[in-house]
Amino acid sequence: MELVQALMAGARGRRLLWEFAIASEEQLQPEFAEHPLRAAMFYAAHRVAVERGESVGLFGMDESGVPDISVEEIARLLDVASLVTPTAALLQHVLVRSVDYARYWQEPDGEDTLLALPAFAAPLERVARHLADSGLADWWMDPVDLRNQFKVEFDQHDPVGKSQAPDDDALGILQDWRGAVLATEARDAAELHNSQLGSFSGEWWSKPSSRLPASTGIFPGGEPVGLSCVEDGFGWEQASVRHASVPPAANMLEIATAEDWIRLCREHGLEVSAQKRHDWYLATGRDGAWMIPDWLAVARDYDGVHLGIGAYLALAGQCLEIDEKYASVIAGWDPDQTFWFTGELRCYGPAQEWICLDASNEEARWVPAGNAPSSRAVTGAVASPGFWCNGFHE
């Protein structure tokens, strides 16, 4: 799969392209000037939410005053929009933004819904080729870089942030995980069979157990991908990062294409129809039987499983048809994430502490603790070393 194809294939890739276009508009327009591309999509996405019956409103405006902008008009604006020269920092910014909008326990948001329409195919492909021509995103299609793996542990009160246990037995963890999946499936099949479709939420993810050690590579600026690219994150403000030593002969499983995931489900599948039915119906619109890989079985053949950035952008959240009965969804994974099934993964050297500045807004960015300003009340306008989490700078 080529980069342009990956960017066009999935909701996360298309959202990244859109975020690059509106970031370009923001850079090229004066701060207080009109941003017609962003504004047009904002109103159109709002109408999508209203038509679904979602409880949304616009401050100081009733629905009669919301501009009625057609999909064709937004696509035209995108097709003629000027695009800035890509930089590594800007590509990181739009990747993080796309990950932030992933949600597989409800319908896609208005922007994701609209960007999937045929009218946007050609304008988005123009943006995709613009990014691909820069060469800066070529590494998104690479397999796992075993020489540069970093383990991130977030400091927060929620126990999920402290769940990775590299010294535990991976097969034992996965045995517990498999038992819990089977028990949940039996319970939900018995208790929820007659419930209204899509009326509540359950466990919507399909990744291996979160108790397993996981790692990511690094961005060109040196920030571990796993700091800022986290699906359904908890707004963490501190993290410890350690370099992971990976056995050079590790037998890795690469999820690079839809066929890779489908093959896993066919060869080592677990049915999860009852427990995923409601969430994945909302996320994909498909009402049917669902399956995920049996990670315990997979772990007997591999030392780790990796989902690259390009594969994430193409596949995450998509309905992947396994056969006439079953389908699956890659959900809850982070881009460039590797889950490890081997006990030989070791971390060496002292942990490096990172701090997320402005964690509660779109200007959030991670910086090494030693480079953080003395005051926590900084804004995106203050220059500081490091790379942005939801913003960008050079």
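## A look around M141, the core and the salt bridges

At 27% relative accessibility, M141 counts as partly exposed, because that value falls between the 20% cut-off for buried and the 50% cut-off for exposed. Keep in mind that this is a predicted model.

So where does M141 sit? You'll find M141 in the loop that runs between α7 (121–134) and β1 (149–154). Leaving aside residues up to four places away in sequence, M141 touches M1, E2, L3, A6 and G310. Another residue to look at here is A311: its C-alpha atom is separated from that of M141 by 7.2 Å, although the two positions lie 170 residues apart along the chain.

Next door in sequence is W140, and its contacts go like this: L3, L7, L16, L91, G308, I309, G310 and L313, again not counting residues up to four places away. W140 is also one of the residues that touch the most other members of the largest nonpolar core, a set of 91 residues. The others on that list are L16, F20, F120, I255, W295 and W333. Which helix gives this core its largest share? That would be α2, with seven residues. Apart from this core lies another one of twelve residues, including V230, A239, C356 and A364.

Now for the charged side chains. The structure holds 18 salt bridges, and here are three of them:

| Salt bridge | Closest N and O atoms |
|---|---|
| R12 with D112 | 3.0 Å |
| R15 with D109 | 3.0 Å |
| D358 with R365 | 2.6 Å |

Take R12 and D112, whose closest N and O atoms are 3.0 Å apart. This pair ties together distant parts of the chain, with R12 in helix α2 (residues 11–28) and D112 in helix α6 (residues 110–115), 100 residues apart. Are R12 and D112 buried or exposed? Both are buried.

R15 and D109 also form a salt bridge. Here, too, distant parts of the chain are linked: R15 belongs to helix α2, while D109 is in the loop between α5 (88–100) and α6, 94 residues away. R15 counts as buried because its relative accessibility is 2%, below the 20% cut-off. D109 gets the buried label for the same kind of reason, with a relative accessible area of 9%.

Then there's the D358 pairing with R365. D358 has 15% relative accessibility, so it counts as buried, and R365 is buried with a relative accessible area of 1%. As for how salt bridges connect up, those that share partners join R12, R15, E19, R97, D109 and D112 into one network.

Finally, a bit of helix packing. Two packed helices are described by the angle between their axes and the distance between the axes. For helix α8 (residues 170–191) and helix α11 (residues 273–284), the angle is about 75° and the axes are 7 Å apart. That makes α8 roughly perpendicular to α11, because angles of 65 to 115 degrees count that way. Which residues make the contact? From α8 come V181, T184, E185, D188 and A189, and from α11 come S273, A274 and Q275. By type, the residues of this contact of α8 with α11 split into three nonpolar, three polar and two charged.

Technical notes. Residues numbered from 1 in each chain as written. Predicted model: local features only at pLDDT ≥ 70, side-chain atom pairs only at ≥ 80, totals over all residues. Heavy atoms only, no water. Salt bridge = Lys/Arg side-chain N within 4 Å of Asp/Glu carboxyl O. Helix = DSSP H or I, 4+ residues; strand = E, 2+ residues; numbered from the N terminus. Buried < 20%, exposed > 50% of the residue type's maximum accessible area, 1.4 Å probe, protein only. Core = buried A, V, L, I, M, F, W, Y, C linked by side-chain atoms within 4.5 Å. Contact = heavy atoms within 4.5 Å. Axes fitted to C-alpha atoms, helices over the stretch in contact; angles between N-to-C directions. Parallel < 35°, antiparallel > 145°, perpendicular 65-115°, else oblique. Nonpolar A, V, L, I, M, F, W, Y, C, P; charged D, E, K, R; others polar.
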